[in-house]
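Here are some exercises to work through with the structure open beside you. Try each task before you read its solution.

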Number of protein chains: 4
Amino acid sequence: MRTNRIETLCDGIFAIVMTLLVLNLSVPVVTAEAELFNELLAMWPKFLAYVISFVVLGVMWSFHHRLLDGLRKSDGWFLWMNICFFMIVAFVPFTTELISEYRHWSAAIVIYGINSVASFMLLYCQCWYASAGGRLIDECIQAKSILELKVTFAGGALASIAAIGFSFVNTNISIFIFAIVYAAFVVFVVTRGTFDARDAQADSKQDA
Amino acid sequence: MRTNRIETLCDGIFAIVMTLLVLNLSVPVVTAEAELFNELLAMWPKFLAYVISFVVLGVMWSFHHRLLDGLRKSDGWFLWMNICFFMIVAFVPFTTELISEYRHWSAAIVIYGINSVASFMLLYCQCWYASAGGRLIDECIQAKSILELKVTFAGGALASIAAIGFSFVNTNISIFIFAIVYAAFVVFVVTRGTFDARDAQADSKQDA
Amino acid sequence: MRTNRIETLCDGIFAIVMTLLVLNLSVPVVTAEAELFNELLAMWPKFLAYVISFVVLGVMWSFHHRLLDGLRKSDGWFLWMNICFFMIVAFVPFTTELISEYRHWSAAIVIYGINSVASFMLLYCQCWYASAGGRLIDECIQAKSILELKVTFAGGALASIAAIGFSFVNTNISIFIFAIVYAAFVVFVVTRGTFDARDAQADSKQDA
Amino acid sequence: MRTNRIETLCDGIFAIVMTLLVLNLSVPVVTAEAELFNELLAMWPKFLAYVISFVVLGVMWSFHHRLLDGLRKSDGWFLWMNICFFMIVAFVPFTTELISEYRHWSAAIVIYGINSVASFMLLYCQCWYASAGGRLIDECIQAKSILELKVTFAGGALASIAAIGFSFVNTNISIFIFAIVYAAFVVFVVTRGTFDARDAQADSKQDA
């Protein structure tokens, strides 16, 4: 089974989920210009939630893209790990809105954290399943690249668990942890967003 | 006619329909943390309906993916069987919400059952039309694999009819039947989600 | 410029527009089982509008799929004819709901008719532009197949104009014309949904 | 890393965002035919906002399509420039609705202008990043074609800044500037929507 159908479904679902929070923005009904500015300013938590949710989903999508880029085929187990992953990922806009509204309550942090842990655990499982014994992974991908991805996903899950724990002490610590983790992940996917071996292969094909 | 356009349309429609029930989740407006937990707990039937609908659609998508994986081309009849299939499948979130709200009423079970029967009958028709006389199917696909799919789809349709019948006796029996059927189907698509012959072919191409 | 991006955008837009009317279906809130049946029965114009809109969009998509299947490349003019076509097509759910609510008023028929005329005129323009002087069309496509498509699109536009005219006499005549036209088009795309020459080519490649 | 995943995500997001304003159109509830006409006429700002938003997004999509058509590969930085671009582009329906409702207020013009500037700056960055030192661009693309794109994107950004400035004098001047710019861009993408070198290459492949 090729991976192209999983990729198209994935891109469709991410496209919808990424734009979900923008679907609900509606133009305020006002009668004076100053009022318009105030109404738009009052919408800032919605804009912020949209941007955070988009960036978090962008990170998830980039990791998923990177992983599938390294596969030579798919199978039934891998497909269903993906379906579970998409199901979890579709909650990101909801939990992001929750955290942006109620960031001082540990309840919101806990729910956001569970969503985050589940996403990274599913990415870890996909990575482990695909690479164990070279099951689905392309031969050209180095073990080092896979290990790097696994460590990243495990780190994301562990940091989220820590953030959940700290939420009972001080929710600001939790939010600080999430911010650091996602900032680090954006740096990771931007600077190392692709498998070197894959690129070398593509370049040599181009030259041939 | 190649099958790629049907696949892209299919993936787009499934992406929308799978995330449909999550579109309607909105963050509760509360003033106390305990209230937030209660409000979120009170939303459990919505979360449950989302998960069930996602899994059922995941099963449908996996079966459709598997079937199209085995085709070498498409034609006008097959294309319209697909359009009808998508039209039926788009009702799954609606009927799932119905059954999760009113699971003790046979009316809800009957409507859910009709949706389920129609989906499996259309999958059966697609399978039969594509394979009869080798019309659209790839030569490498074994008759045994096709028979397996046909039996599965016929089984799904018959079990759904049985569930409709039992709903007039006891709706719990109907729900139990649906649960067993979909659990069995998840096992089927996870463990046998691909055509062996297709994979063997792909592996040999890789080696060449 | 290859046609694949237009196809992906097209499939994405049709996926959304086809499922648009199902997005608005919501489970009725009732307290008795008989009430549930009545509420669902009262929703029949919504279900009917959904089915009609899905079939009409299915016809449009099939025609567009067939046309693009015969092209070897695209260009800027063709791309923008497509963008205009998608803009018009996205109104189909709205005009279908209008006609299903107010089918006895010529106003609804006129608006639906204009939408229909515009769609077929844009399909005709695409067909004419792509085929004139072999600009974008593949060499293997016979002039006869192109003429057939052009006659079909011109016929659809003319019949819709006739339906608009008759709406001032009797709206039932208009609805009858639309029903006949779309029924004929479904038969057309089902039985002749592909270019024979394209298929012959694909089959010979398979054999080689 | 190939560009195909970015293209599918892009097409999915544009498909949703282009149809966003049509999602909110709902059939008016009336009791007399004359009332229906009046209600529909009263909806004209919504229809106009939809058409403008669709055309503006069509221009953005065409430029993005043209740019990616000229790339031979992608990387992490380019991928994230795209994610930022999609995030900005998803605001177009919102800012278009704002400008169509409050076109006499500089507040609306300023917000629309910022959205427009950000879009063109991100397109410029993508173009610059991909072409600098031949990083991602295909060898067959001439420097002249890239320069042309860069000048266009810089021009779009500068014109939008000018429109923002003039909004404090007279908002009609701003709207006139936006209208001229987008009209010119539609002409650009229609008449020069593709790289000549790419087409020549494709044609020679076809002949071979």
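The exercises below concern a predicted model, and each comes with a worked solution.

**Exercise 1. The symmetry relation**

Task: Find what turn and what shift along the axis lay chain D on chain A, and name the kind of axis.

Solution: Start with the superposition. Chain D can be laid on chain A with an RMSD of 0.0 Å. The operation is a turn of 90° with a shift of 0.0 Å along the axis. That relation is the one given by a four-fold axis. Now look for the part of chain D that comes nearest to this axis: among its C-alpha atoms, that of G12(D) is nearest, 4.0 Å from the axis.

**Exercise 2. Which chains touch?**

Task: Work out how chain A stands to chain C, and chain B to chain D.

Solution: Take chain A and chain C to begin with. These two do not touch, and their nearest C-alpha atoms are 8 Å apart. Then turn to chain B and chain D. No contact joins this pair either, with the closest C-alpha atoms 8 Å apart.

**Exercise 3. The contact between chain D and chain A**

Task: Describe the contact of chain D with chain A by residues, area and elements, and decide whether the copies meet through the same or different surfaces.

Solution: Count the residues to begin. Chain D brings 35 residues and chain A brings 46 residues. Next comes the area: about 3,500 Å² is buried between the two chains, and carbon and sulfur atoms give 73% of this. Of the area that chain D buries against chain A, 24% is supplied by M1(D), R5(D) and W80(D), more than by any other three residues.

Now compare the two sides. Only 6% of the interface residues of chain D are also interface residues in chain A, so the copies meet through different surfaces.

Polar features come next. There are nine residue pairs in polar contact between chain D and chain A. On the side of chain D that touches chain A, the elements giving two or more residues are α1 (4–18), α5 (76–89), α6 (92–101) and α7 (106–131). α1(D) gives the most, with nine residues. By class, that side has 22 nonpolar, five polar and eight charged residues.

**Exercise 4. Salt bridges between and within chains**

Task: Locate the salt bridge between chain D and chain A, then look at other salt bridges in the structure.

Solution: The count between chain D and chain A is one salt bridge. D11(A) and R5(D) form it, with their closest N and O atoms 2.9 Å apart.

Over all chains, the structure holds nine salt bridges. One of them joins D11(B) to R5(A) at 3.0 Å, N to O. This pair crosses between chains, from helix α1 of chain B to helix α1 of chain A. Both residues are buried.

Another links D11(D) and R5(C) at 2.9 Å. Here D11(D) lies in helix α1 of chain D and R5(C) in helix α1 of chain C, so the pair joins two chains. D11(D) is buried at 1% relative accessibility, and R5(C) is buried at 2%.

For a pair inside one chain, find R66(B) and E148(B), whose closest N and O atoms are 3.2 Å apart. R66(B) is in helix α4 and E148(B) in helix α8, so the salt bridge ties together parts 82 residues apart in sequence. R66(B) counts as buried at 1% relative accessibility, whereas E148(B) at 22% counts as partly exposed.

Methods
Residues are numbered from 1 along each chain as its sequence is written. Chains are lettered from A and ligands numbered from 1 in the order in which they are written. This is a predicted model: local features need pLDDT of at least 70, side-chain atom pairs count only at pLDDT 80 or more; totals for chains, interfaces and linings use all residues. Side-chain values use heavy atoms; hydrogens and water are left out. Copies are superposed by least squares on the C-alpha atoms of residues with pLDDT of at least 70 in both. Contact means heavy atoms within 4.5 Å. Buried area is the accessible area (1.4 Å probe) that two parts lose on being put together, summed over both. A salt bridge is a side-chain nitrogen of Lys or Arg within 4 Å of a carboxyl oxygen of Asp or Glu. A polar contact is a pair of N or O atoms within 3.5 Å; within protein, one must be able to donate a hydrogen and the other to accept it, and residues adjacent in sequence count only if both atoms are side-chain atoms. Helices (H or I, at least four residues) and strands (E, at least two) are DSSP runs, numbered from the N terminus. Ala, Val, Leu, Ile, Met, Phe, Trp, Tyr, Cys and Pro count as nonpolar, Asp, Glu, Lys and Arg as charged, and the others, Gly among them, as polar. Buried means under 20% relative accessible area, exposed over 50%, partly exposed in between (1.4 Å probe, protein chains only).
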